[in-house]
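Thanks for coming. I will go through one structure today, starting with strands and ending with charged pairs.

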Amino acid sequence: MLKRALSLYIFIIFTFMAFLGRIVYIQRSDYSSASQLGSNRTVTVGEKRGAIYDRNYVPLTDSEKSLLAVVTPCPGSYKYLKGKLQDDLLREKIESGYPFICQVDEEINNEYIRTFSVSERYSGENLAVHLTGYCDSTGQTGITGIERAFNAYLSENSGRLTVTFDVDAVGRVLAGMNKTVNDSGYSSKAGVVLSIDSNVQRIAEEALENSRIKSGCAIVMHVHTGELLAMASVPEFDRSNVAASLRLDNSPLVNKALTAYSVGSVFKPIVAAAALENGYDPKEKYECKGEITIGDRCFSCYNHKAHGKVDMTGALESSCNTYFINLIMKADTDLLLSLCRQMGFGQKDILASTIAGASGTLPQEKDLKIKGNLANLAFGQGSLTATPLQIAKAYHTLATGNYIEPKLIMGLTDDMGLMTKEPEKTPFKLLSDETVMTMRKMLLSVTEKGAAKKAHSDLVSLAGKTGTAQSGIYSGEREILRTWFAGFFPANNPHYIVVVMNENGSGGNTDCAPVFKAICERMVVN
């Protein structure tokens, strides 16, 4: 009996030891597996793609920064974050044991918390939104503007900023363990550099915002290089909520600077320049009686006003339609059309692979054999349409005698911010020096003595011409008018071309000349 009891006792002891050994084996095995499968946890602090810069490397995207704190969940973190987050939420996050991110208003850097400055793609001023464009909802694919034209390069230069924690099998941070910061291209300076100057762009946008122009644009172009310093279009759109902008009036997603419109009297100086190149005497007088009959059509000056005897300067000052109709009837039409083509009328302006201005419409020789069509062209009406950018190019030629292609892309920067420059644009001569000097004097007289007095400045000499064009489009019984001012400054030694257009205005002098003046004066002061 005793022997049997002893055997049973020994069996129980061995069974217990085997069971205990199995438990230890399982625990060790599970711990090893957990250590391999759940050894760390990574949180993403920020993601970005290649940047878009202005000419001075000022960011046009990612311009606004926010402070994000990466937090190790522990009582020490609570002490530093108390009062910066809702207390219940803060306690819940810390008690979870999982690392978390929160926005803070000041830097906090210690053994528990690490703060990072993280950029937001679209925020801040949102300058030049029509040029920079926007991405899809993922933020990875460009839909319009530079975002689309350079999508491949901007995507290739995307970056990510992460922090990795050592954690246990269920993802909770292990006390006293290290955290590792990983910068995978997030600090890269790679991107696209535009010719736009943020200060000039801001001046143009603010001048439009403070004007009566609700739908229109302003362009500033550098005379010597053809570089576009500003291209502002209103209304703007919200890049962070494009869908809402689609529902607004006046087509906010359309870049008005690259859209073709009827041009009106801003075309008259081009007719004048062609006549001067053909040997016409600008001092020759013509008597304006307020209207002129061409074929079976009667053309008139504004309000049928008779301007009397005027020479070319006087005709530009008063924007006399009949003078220019008489002039174009005697002009070499082939020379005029050739000059217009060389200035770029009727041709698209390719600023980047997917950013182009409309070609507009330049009448053909066969169209101008009809005298009424020729008369309309004399004051920028009829089938003629052009973009504000094309008008800027034409006034560049009037101011300098040269044609130059407009330039938007300066180059691409690498990770270190070093830029590979795009080739310089090469101008070529179109007008004689004599014609240029005459045009400068006449267009200066327009602002000082003529119908564009709202463009006159005591601060700097401004030269240019107004335009008020019929669109053939009606709102009720009222015809929508395209109004313009195009010019350059300083008048005698031009450095900048400025064009302002109102899509639905009342008169070039009323709508656009004050905006032109505001832009020019602020550029001089700044």
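How many bridges join strand E21 to E22, and in which sense do the two strands run? This is a predicted model, so please take what follows in that light. Strand E21, residues 463-475, is joined to E22 by 10 bridges, and the two run antiparallel. One place to find the pairing is Lys-465, which stands opposite Ala-486 in E22. The hairpin of E21 and E22 has two residues between the strands, and in that hairpin Gly-476 takes a positive phi near 70°.

Next along is E23. Strand E22, residues 478-489, runs antiparallel to E23, with eight bridges between them. Here Gly-487 stands opposite Val-498. A hairpin of six residues makes the connection from E22 to E23. E23 also pairs with strand E9, residues 216-222, in the antiparallel sense, over seven bridges. In that pairing Ala-218 stands opposite Val-500.

Is E23 enclosed or open? Of its 10 residues, 496-505, eight are buried, so the strand is largely enclosed by the rest of the structure.

Now the cores. The largest nonpolar core has 120 residues, and Tyr-323, Phe-345, Ile-391, Leu-408 and Ile-519 are those with the most contacts inside it. Take Phe-345: leaving aside neighbours within four places in sequence, its contacts include Phe-267, Ile-270, Leu-362 and Ile-391. There is a second, separate core of 12 residues, with Val-70, Phe-116, Leu-161 and Val-167 among them.

On the surface, Leu-459, Val-524 and Val-525 make a nonpolar patch of about 270 Å². Val-524 belongs to helix H17, residues 513-525, and is partly exposed at 38% relative accessible area.

Last, the charged pairs. The structure holds 17 salt bridges. One of them is between Lys-84 and Glu-106, at 2.9 Å from N to O. Lys-84 lies in the loop between helices H2 and H3, and Glu-106 in the loop between strands E4 and E5, so the pair ties together parts that are 22 residues apart in sequence.

Asp-511 and Arg-212 form another, with the closest N and O atoms 3.2 Å apart. This pair links distant parts of the chain, 299 residues apart: Asp-511 is in helix H16, and Arg-212 is in the loop between helix H7 and E9. Asp-511 is buried, at 2% relative accessible area, whereas Arg-212 is partly exposed at 49%.

Asp-367 and Lys-366 also form a salt bridge, at 3.5 Å between the closest N and O atoms. Finally, Arg-49, Asp-62, Arg-121 and Glu-147 are joined into one network by salt bridges that share partners.

Terms used. Residues numbered from 1 in each chain as written. Predicted model: local features only at pLDDT ≥ 70, side-chain atom pairs only at ≥ 80, totals over all residues. Heavy atoms only, no water. Core = buried A, V, L, I, M, F, W, Y, C linked by side-chain atoms within 4.5 Å. Buried < 20%, exposed > 50% of the residue type's maximum accessible area, 1.4 Å probe, protein only. Contact = heavy atoms within 4.5 Å. Helix = DSSP H or I, 4+ residues; strand = E, 2+ residues; numbered from the N terminus. Pairing = 2+ DSSP bridges. Patch = residues over 30% accessible without salt bridge, like charges linked within 9 Å, V, L, I, M, F, W, Y side chains within 5 Å. Areas by Shrake-Rupley, 256 points an atom, 1.4 Å probe, with all protein chains shown as cover. Salt bridge = Lys/Arg side-chain N within 4 Å of Asp/Glu carboxyl O.
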